[in-house]
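Student: Could you take me through one part of this molecule up close, and then connect it to the rest? I would like to follow your reasoning step by step.

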Amino acid sequence: MQAMPGAFSSARLFASSDCGTLAQAVPAAVASGTTLLAGIWTEDSGHYEAEKAALMQAVKQYGTSWLIAVSVGSEDLYRGDTNATILSHQINEVRSLLGGIGAGHIEVGHVDTWSAWIKPENADVIRACDFVGHDGYPYWEQAPIDQGVDAYHKNLAKTRDAVKAAKPGTPVWVAETGWPVSGDTIGPAVPSIENAQAYWKNVACLAFSEEDHTFWYALQDYGDKPSFGVVGPDFKPLYDLSCW
């Protein structure tokens with residue numbers, strides 16, 4: 001990642017315990033000077049307990065120099081897998097657990113879609129967050145690539161407005177966005193390397209310079225359909241990732 005064009009020094013993880021996520025990722029992050037936005041899955045109680053335990057173990061063993069923040073859940077509200085009361089409790093619980101092992105300075109929040117954040121019934125989750133993670137994909141909203149930049153900014157503004165109304169001053173991070181290089185065409189939204197390149201140049205490069213935290217989806221997912229990965233199976237960039 002550090003060999004690619006640009007100043008990429010961070011990565012987002014969606015889980016902590018699955019397949020030994022943090023057990024494998026944290027030593028590599030520490031060795032390479034990479035920082036991580038850690039994730040905790042919340043839906044199943046047994047899974048949630050394992051996720052918390054894996055995060056606590058990683059912090060106890062390696063400290064917090066590798067840890068940017070923790071996202072408790074990802075798009076849970078969008079999927080309807082939980083409600084604001086339960087998720088708010090989980091966010092506060094993880095924050096308390098971190099505080100109990102000397103990591104109370106680590107920010108704890110949640111990542112969800114702009115369409116979930118703007119719902120009034122989810123305002124309590126915003127209030128529980130130290131940061132709000134915004135997911136926005138003009139492709140999934142059937143925006144043609146020439147309208148993708150406008151759609152991206154409009155949806156980000158909607159999340160920011162919701163956050164300002166619920167808990168002014170809470171930072172909004174771009175936790176996920178991107179354009180697929182391959183997959184199904186959805187209305188006028190066409191996956192292609194050319195369109196992914198255009199979206200990168202017009203959205204990513206601006207976001208990297210203006211936002212405190214921006215995470216692009218995804219580094220590598222060449223087996224998925226649609227595929228949003230910026231590198232192929234050989235780990236070489238599929239398009240120009242330079243911005244400056």
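Tutor: Happy to! Let's start at Lys 225, which is exposed, with a relative accessible area of 64%. The cut-off for that word is over 50%, so a value of 64% puts Lys 225 in the exposed class. Please keep in mind that this is a predicted model.

Now look at what the side chain of Lys 225 does. Lys 225 forms a salt bridge with Asp 184, and the closest N and O atoms of the pair are 3.4 Å apart. This salt bridge links distant parts of the chain: Asp 184 sits in the loop between β6 and α8, Lys 225 is in the segment after α8, and 41 residues separate them. Asp 184 has a relative accessibility of 45%, so Asp 184 counts as partly exposed.

Lys 225 has a second feature, this time in the backbone. The peptide bond that leads from Lys 225 to Pro 226 is cis, with omega near 0°. Pro 226, too, is placed in the segment after α8. Another cis bond runs from Tyr 217 to Ala 218, again with omega near 0°. Ala 218 is also found in the segment after α8, a helix that covers 193-210. Why point these out? Most residues other than glycine have a negative phi, and most peptide bonds are trans.

That takes us to phi. Cys 19 has a phi near 55°, a positive value in a residue other than glycine. You will find Cys 19 in the loop between β1 and α1, and its relative accessibility of 75% makes it exposed. Gln 142 has a positive phi as well, near 65°, and is not glycine either. Gln 142 belongs to the loop between β5 and α7; at 42% relative accessibility, Gln 142 counts as partly exposed.

Just along the chain from Cys 19, have a look at Thr 21, which is in helix α1 (residues 21-32). Thr 21 is buried, because its relative accessible area is 19% and the cut-off for buried is under 20%. If we leave aside neighbours within four places in sequence, Thr 21 is in contact with Leu 13, Ala 15 and Ser 16.

Back to salt bridges, of which the count comes to twelve. One of them joins Glu 49 to Lys 52, with 3.0 Å between the closest N and O atoms. Glu 49 and Lys 52 are three residues apart in helix α2, so about one helical turn separates them. How do the two partners differ in accessibility? Glu 49 is partly exposed at 44%, while Lys 52 is buried, with a relative accessible area of 5%.

Arg 79 and Asp 76 give you another salt bridge, at 3.9 Å from N to O. They are three residues apart in helix α3 (residues 76-79), and so about one helical turn lies between them. Here Asp 76 is buried, with a relative accessible area of 0%, and Arg 79 is partly exposed at 36%.

Finally, let's step back to the sheet. Six strands form an open sheet in the order β1-β2-β3-β4-β5-β6, and the pairing is parallel. β1 (10-12) and β6 (172-176) stand at the edges, each with a single partner strand, so one side of each has no neighbour in the sheet. On average, neighbouring strands of this sheet are turned by 30° against each other, direction ignored. Helix α2 (residues 45-62) packs on the sheet, where it touches β2 (35-40) and β3 (67-74), and its direction makes about 155° with that of β2.

At the β6 edge, strand β5 (residues 132-135) is joined to β6 by four bridges, and the two run parallel. As an example, Asp 135 has Glu 176 of β6 as its bridge partner. Helix α7 (residues 145-166) lies across both β5 and β6, and runs at about 135° to β6. From β6 you can find your way back to where we began: the loop between β6 and α8 holds Asp 184, the salt-bridge partner of Lys 225.

Notes: Residues numbered from 1 in each chain as written. Predicted model: local features only at pLDDT ≥ 70, side-chain atom pairs only at ≥ 80, totals over all residues. Heavy atoms only, no water. Pairing = 2+ DSSP bridges. Axes fitted to C-alpha atoms, helices over the stretch in contact; angles between N-to-C directions. Contact = heavy atoms within 4.5 Å. Buried < 20%, exposed > 50% of the residue type's maximum accessible area, 1.4 Å probe, protein only. Salt bridge = Lys/Arg side-chain N within 4 Å of Asp/Glu carboxyl O.
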